Amino acid sequence: MDDAHSLSRKLLECARVLASLSGIRAMKIWDISRTLSHDLAEWPGDEPFRFRATNEIAKGASVNLGAITMSLHNGTHADARFHFDPKGDSIEKAPLDIYVGRATVVDLTQSFARSKQKHLITAEDLNPHAEDIAATSRLLVKTGRWSDSTVFPDQIPVIAADVPAWLQKNGVKLLGLDLPSMDEIDSKSLQNHHALAGAGIAIVESLDLTDVAAGIYSFAALPLKIAGGDGAPARAILWRE
């Protein structure tokens, strides 16, 4: 009889576990990082990404080992304030909570596709999404203007001069773009970088939002902890449960 009761209890516990598992929904993850490879186009004049094998099992080594050289701004990366301000913090001092949390993706690809003369991301573009942006405090903008990571763009759209203040007003603490910079390619003053920093907004550049629709997601893009770094590569992802 005791064995029967013990078996019943075990079966009941198994049933409870299975019931709980049936309620778990599959998590969908979007990798929004650009792949680091020899084909990745670097910023003109900057250090390219290079990987080489230093040990190979096929050649008699006990393990495969690799080494890389690269700019901290190759591929998807976070800018530290030190990148454009010698008095700013380097990347290892960046508060990590900024890079993890809910984010709103705003898709402006149709707007940019309709007009090749459109070169600004404006507050008017963002206003229809203000409620979601304010609710998530992180904004990722999809422009579709850099679709081929192997070719560095000659020109990119940038945020309009009033956008940092608009973002600050709406509580945004991180801005990410699918572009290699917040400023024009030939900019020396980096006025948008400075304006975003002044508004307390962290910067993530060179995202790949190709397969991501507009909406609210969970987001993570943790920069590597590099002492004195002016930026750092990040593996950026979005997910929904």
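Visitor: Leaving aside neighbours within four places in sequence, which residues is Leu126 in contact with?
Guide: In this predicted model, Leu126 is one of the residues that touch the most other members of the largest nonpolar core. Setting aside its neighbours within four places in sequence, the residues in contact with Leu126 are Val106, Ile121, Ile133, Leu139, Val141, Val163, Trp166 and Leu167.

Visitor: Which helix gives the most to the largest nonpolar core?
Guide: That core has 29 residues, and Leu139, Leu167 and Leu196 are among those that touch the most other members. Several elements each supply at least two residues of this core, including helix 3 (123-126), strand 7 (138-142), helix 5 (163-169) and helix 6 (191-198). With 3 residues, the element that gives the most to this core is helix 5.

Visitor: How many residues are in the second, separate core?
Guide: This second core is separate, and Leu174, Tyr217, Ala221 and Ala232 are among its members; its residues number 24.
The protein as a whole has 241 residues, and the share of them that counts as buried is 43%.

Visitor: Does Leu222 count as buried, partly exposed or exposed, and why?
Guide: Leu222 lies in the loop between strand 11 (215-220) and strand 12 (231-233), and together with Leu96 and Val100 it forms a nonpolar patch on the surface, with about 240 Å² of accessible area together. Buried would require under 20% relative accessible area and exposed over 50%. Because its relative accessibility is 42%, Leu222 counts as partly exposed.

Visitor: What percentage of the area that the protein exposes do carbon and sulfur atoms supply?
Guide: The protein, with its 6 helices and 13 strands, exposes about 13400 Å². Of this area, the part supplied by carbon and sulfur atoms is 53%.

How values were computed: Residues are numbered from 1 along each chain as its sequence is written. This is a predicted model: local features need pLDDT of at least 70, side-chain atom pairs count only at pLDDT 80 or more; totals for chains, interfaces and linings use all residues. Side-chain values use heavy atoms; hydrogens and water are left out. Helices (H or I, at least four residues) and strands (E, at least two) are DSSP runs, numbered from the N terminus. Buried means under 20% relative accessible area, exposed over 50%, partly exposed in between (1.4 Å probe, protein chains only). Accessible areas come from the Shrake-Rupley method with a 1.4 Å probe; for residues, only the protein chains shown count as cover. Patches are made of residues with over 30% relative accessible area and no salt bridge: like charges are joined within 9 Å, nonpolar side chains (Val, Leu, Ile, Met, Phe, Trp, Tyr) within 5 Å. A salt bridge is a side-chain nitrogen of Lys or Arg within 4 Å of a carboxyl oxygen of Asp or Glu. A nonpolar core is a set of buried Ala, Val, Leu, Ile, Met, Phe, Trp, Tyr and Cys residues joined through side-chain atoms within 4.5 Å. Contact means heavy atoms within 4.5 Å.
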